[in-house]
Amino acid sequence: MKELAEVRTLKVGRYILIDEEPCKIQSISTSKPGKHGEAKARIDAVGIFDEQKRSVVHPVKHKVGVPIIDKRSAQILSLIGTEAVQLMDLETYETFEMPVPEDLKGQLEPGKEILYLSAMGKRKITRA
């Protein structure tokens with residue numbers, strides 16, 4: 001799911017869709033309007049799920065997609081080897097599997113609660 005917002009309303013630390021990938025905004029720089037044009041903004045962002053750097057330039061009145069980021073908590077039901085975990089959402093009781101991020105390997109154990117992000121049909125563990 002996404003909504004639309006004008007480029008001038010975006011702030012560093014918020015989210016934007018670039019190439020249909022949800023990204024966290026790292027920096028925004030605006031140029032002054034030219035003689036016949038309007039001010040433009042350069043947005044540098046990093047993908048939430050693929051961690052790729054992306055940048056885009058738009059007029060400040062241009063509307064861009066803003067992903068709806070859902071921050072949720074889940075309980076670890078079981079470990080599947082060292083690469084994945086089975087989780088249960090603490091609100092909907094839905095169970096699903098997710099890969100374990102490199103920085104959290106060895107820290108997860110059954111019964112523990114974690115935080116994860118959900119956006120555009122993708123999920124990512126953020127904190128244990």
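Start by selecting Lys124, which sits in strand E11 (residues 122–127). Strands here are DSSP runs of E, at least two residues long, numbered from the N terminus. You're looking at a predicted model, where local features need pLDDT of at least 70, side-chain atom pairs count only at pLDDT 80 or more, and totals for chains, interfaces and linings use all residues. Residues are numbered from 1 along each chain as its sequence is written, and side-chain values use heavy atoms, leaving out hydrogens and water.

**Around Lys124**

Is Lys124 buried or exposed? Neither label fits: its relative accessibility is 22%, so Lys124 counts as partly exposed. (Buried means under 20% relative accessible area, exposed over 50%, and partly exposed in between, with a 1.4 Å probe and protein chains only.)

Now show the residues that Lys124 touches, skipping its neighbours within four places in sequence: Ile48, Phe49, Glu51, Met98, Leu115, Tyr116 and Leu117. Contact means heavy atoms within 4.5 Å.

Zoom in on Glu51, whose side chain makes a polar contact of 3.1 Å with the side chain of Lys124. Then find the backbone oxygen of Ile48, 2.9 Å from a polar atom of the Lys124 side chain. A polar contact is a pair of N or O atoms within 3.5 Å; within protein, one must be able to donate a hydrogen and the other to accept it, and residues adjacent in sequence count only if both atoms are side-chain atoms.

Next, pick Pro101: 23 residues away from Lys124 in sequence, but 8.2 Å away in space, C-alpha to C-alpha.

**Over to strand E10**

Select residues 113–119, strand E10. Five of its seven residues are buried, so E10 is largely enclosed by the rest of the structure. What does E10 pair with? On one hand, E10 joins E11 through five bridges, running antiparallel; on the other, E10 pairs with strand E7 (residues 70–80), also antiparallel, over six bridges. Two strands pair if DSSP finds at least two bridges between them.

You can click on some partners: Ala119 stands opposite Lys122 in E11, and Asp70 stands opposite Ser118 in E10. Then look at the hairpin of E10 and E11, which has two residues between the strands; there, Met120 takes a positive phi near 55°.

**The four-stranded sheet**

Jump to Glu21, in strand E3. Glu21 is buried, with a relative accessible area of 8%. Not counting residues up to four places away in sequence, Glu21 touches Ile16, Phe49, Asp50, Arg54 and Lys122.

Widen the selection to the open sheet of four strands, ordered E2-E3-E4-E5 with antiparallel pairing. Strand E2 (15–18) and strand E5 (53–59) are at the edges with a single partner strand each, so one side of each has no neighbour in the sheet. Inside the sheet, seven bridges join E3 (residues 21–30) to E4 (residues 40–47); one to click on is Cys23, whose bridge partner in E4 is Gly47.

**Zoom out**

Finally, show the whole protein: how many helices and strands are there? There are zero helices and eleven strands. The radius of gyration is 18 Å, well over the 14 Å that the globule rule gives for 128 residues, so the protein is more spread out than a compact globule. (The radius is taken over C-alpha atoms, and the rule is 2.2 Å times the number of residues to the power 0.38.) Along the principal axes, the C-alpha atoms fill a box of roughly 60 × 25 × 20 Å. Of the 128 residues, 36% count as buried.
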